[in-house]
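This report walks through one protein model, from its overall make-up to selected residues. Keep the structure open while reading.

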Amino acid sequence: MSPHEIADPTTPRSKTPFVVAGVLAAGVAVAATAGLAWRALNPTTEVTGQVALTSEALVRIGPGGWYYESGRRGAPDLVRQVGTDASWEVPEMESGLSATPDLLTEDGTVLLLDGDAVEIRTADSTQRTDVRDVAQAYGEDLWPGERLELVGASATHAVVRSCLTDESDGAAQDVTVLAGVALDDGDVSWATRVAASCDPEVATYKARHVPAQRYTFVETPDEVLAVDLSDGDVAQRWRGLEIHDVAVRGDDALVTVGDRVRAISLRSGRTLDEQECRVASLGDDIGIDGQVSELGALSAGCMERSWVWDGEQLVEGPDDGGGINEPLPEGREVARGRLALTREGTTLHVRDLLGERPDQEVAMQSEDAVVAAYQPGGRLLVLAEVGDDHASSMRLVDLQTGDLVADATGRLDFSADVTPDGYALVESADHETHWVVGVAR
């Protein structure tokens with residue numbers, strides 16, 4: 001495949017992100033006495049609706065209704081699925097440390113980083129691959145690195161990044177290598193050098209709940225690479241771009257270049273559609289790793305309009321109404337990713353720009369409620385009201401049915417970790433209590 005190059009872009013506008021991000025904020029340690037005092041002063045913090053779990057243990061969620069609950073007081077860590085009887089216990093890692101999940105897959109497989117190794121856990125087996133395996137698979141005179149970083153996962157591979165030392169030319173040189181570790185047997189199926197240094201920016205997954213990916217992005221001083229996670233091949237190269245200029249959904253990429261937005265096939269390199277987009281930037285529902293679920297849509301924001309990719313053409317939508325950190329204007333349609341929203345008092349009219357979902361009317365908490373940023377463009381819409389140092393309420397709505405999935409009130413963490421297929425993790429502001437909510441299976 002011949003690379004498709006784009007030259008001489010200008011820098012797109014930067015948007016101030018709203019504090020409600022779709023990135024899980026968990027793991028903050030709070031002393032027991034502080035937690036007791038907090039609960040005594042705030043007894044009414046609660047989540048109601050389709051609640052699958054209320055827990056004071058550390059919780060992670062993944063696609064397909066899977067979630068991970070860390071054991072307490074000697075109890076084992078558990079992997080469970082919302083609305084089913086599926087569950088299994090997770091043993092300690094080889095190091096003897098308590099397992100902390102780095103990724104859950106759609107079938108409930110757990111990926112964990114353990115220093116210089118990645119472990120692939122299922123109910124029936126544990127596979128362990130370390131940096132020495134990656135160096136050996138690369139097939140050249142490489143010294144293993146000290147640690148691995150999990151980039152993401154395709155349907156068949158966990159993909160890790162490592163900094164290795166290449167001595168094949170007689171002089172030591174640090175290189176960045178990506179490697180695909182097969183999910184079924186832990187073997188390193190492929191390893192490829194993506195940069196002749198150890199400091200390129202790699203779009204490592206930030207949202208642990210996004211389903212299997214097909215590509216990731218690597219930014220070097222000269223270009224951005226789209227790397228196929230199933231085999232390590234470089235599908236496309238773009239010169240003059242930065243990593244936040246590109247997003248991917250399936251085999252399609254959306255690229256913002258100055259005052260233009262382009263939809264590009266990563267398989268053929270062809271530009272599928274291109275439209276004017278003054279001061280272009282990627283849509284607010286695209287995570288900071290540039291990954292969009294199959295349930296979401298690629299979108300770009302402009303000064304006077306927005307564009308959403310429907311798989312065949314770019315569909316025009318309204319502008320963003322001033323930004324995601326502002327309350328929605330009264331009576332004027334604005335865009336949030338693939339959604340066109342119009343607020344009339346405390347009633348929110350929701351229209352899907354792609355016409356794939358029915359129009360909905362959503363009851364907002366107040367006229368000041370805002371749409372949570374960085375939602376992955378799937379089934380759930382999250383509305384939040386924000387206090388001085390916490391969220392005072394959240395409302396989660398199923399966009400496919402219009403049903404209220406959950407209402408949360410009290411002192412809440414700013415984050416609601418949302419999966420594209422209709423599940424979410426809500427936390428109290430002290431990170432002591434966690435609620436898993438979601439659509440019925």
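## A buried serine

Start with Ser393, which is buried at a relative accessible area of 6%. The coordinates come from a predicted model. Ser393 is part of strand 34.

Which side chains make polar contacts with Ser393? One is the side chain of Gln365, at 3.1 Å. Another is the side chain of Glu385, at 3.0 Å. Beyond four places in sequence, Ser393 touches Gln365, Leu383, Ala384, Glu385, Ala408, Thr409 and Leu412.

## Confidence and overall make-up

Mean pLDDT for the protein is 82. A value of 70 or more is reached by 84% of the residues. Residues 1-42 stay under 50. The model still has 99 contacts for that segment beyond four places in sequence. Those contacts rest on coordinates with pLDDT under 50.

The secondary structure consists of two helices and 37 strands. Of the 441 residues, 56% count as buried. Among contacts with a separation of 6 or more, 49% link residues 24 or more positions apart. The exposed surface comes to about 18,100 Å², with 43% of it supplied by carbon and sulfur atoms.

## The nonpolar cores

In soluble globular proteins, nonpolar side chains tend to be buried together. The largest nonpolar core here has 27 residues. Within this core, Val47, Tyr67, Met394, Leu396, Val405, Val436 and Val437 touch the most other members. Elements giving two or more residues are strand 3 (59-61), strand 33 (380-386), strand 34 (391-398), strand 35 (404-418), strand 36 (423-428) and strand 37 (434-438). Strand 35 gives the largest share, six residues.

What does Val47 touch, leaving out residues up to four places away in sequence? Its contacts are Ala406, Asp407, Ala408, Val426, Trp435 and Val437. Apart from the largest core lies another, of 21 residues. Val134, Leu142, Leu150 and Ala179 are among its members.

## An open sheet and a hairpin

Strands of a sheet pair through backbone hydrogen bonds, either parallel or antiparallel. One open sheet has four strands in the order 16-17-18-19, paired antiparallel. Strand 16 (201-202) and strand 19 (234-239) are at the edges. Each has a single partner strand, so one side of each is left without a neighbour in the sheet. Strand 18 (residues 223-228) runs antiparallel to strand 19 and is joined to it by five bridges. In this pairing, Leu225 stands opposite Arg237 of strand 19.

Strand 20 (residues 246-249) and strand 21 (residues 252-257) also pair antiparallel, over four bridges. Ala247 has Leu254 of strand 21 as its bridge partner. These two strands form a hairpin with two residues between them. Gly250 sits in the turn, with a positive phi of about 60°.

## Arg343 and Tyr423

Is Arg343 buried or exposed? Arg343 counts as buried because its relative accessible area is 7%, and the cut-off for buried is under 20%. Arg343 lies in strand 29 (residues 339-344). Its side chain reaches the backbone oxygen of Leu328 at 2.8 Å. Beyond four places in sequence, Arg343 is in contact with Leu328, Pro329, Glu330, Gly331, Leu348, Met364 and Glu367. Arg343 and Pro327 are 16 residues apart in sequence, with their C-alpha atoms 9.6 Å apart.

Tyr423 belongs to strand 36. Tyr423 is buried, at 5% relative accessibility. Tyr423 and Val439 are 16 residues apart in sequence and 6.5 Å apart from C-alpha to C-alpha.

## Positive phi in two loops

Two residues other than glycine deserve a look at their backbone angles. Val279 has a positive phi, near 50°. Val279 lies in the loop between strand 23 (271-276) and strand 24 (281-282). Its relative accessibility is 29%, so Val279 counts as partly exposed.

His431 also has a positive phi, near 65°. The loop that holds His431 is between strand 36 and strand 37. His431 is buried, with a relative accessible area of 13%.

Conventions
Residues numbered from 1 in each chain as written. Predicted model: local features only at pLDDT ≥ 70, side-chain atom pairs only at ≥ 80, totals over all residues. Heavy atoms only, no water. Core = buried A, V, L, I, M, F, W, Y, C linked by side-chain atoms within 4.5 Å. Buried < 20%, exposed > 50% of the residue type's maximum accessible area, 1.4 Å probe, protein only. Contact = heavy atoms within 4.5 Å. Areas by Shrake-Rupley, 256 points an atom, 1.4 Å probe, with all protein chains shown as cover. Pairing = 2+ DSSP bridges. Polar contact = N/O pair within 3.5 Å; in protein donor to acceptor, adjacent residues only side chain to side chain. pLDDT = per-residue confidence, 0-100.
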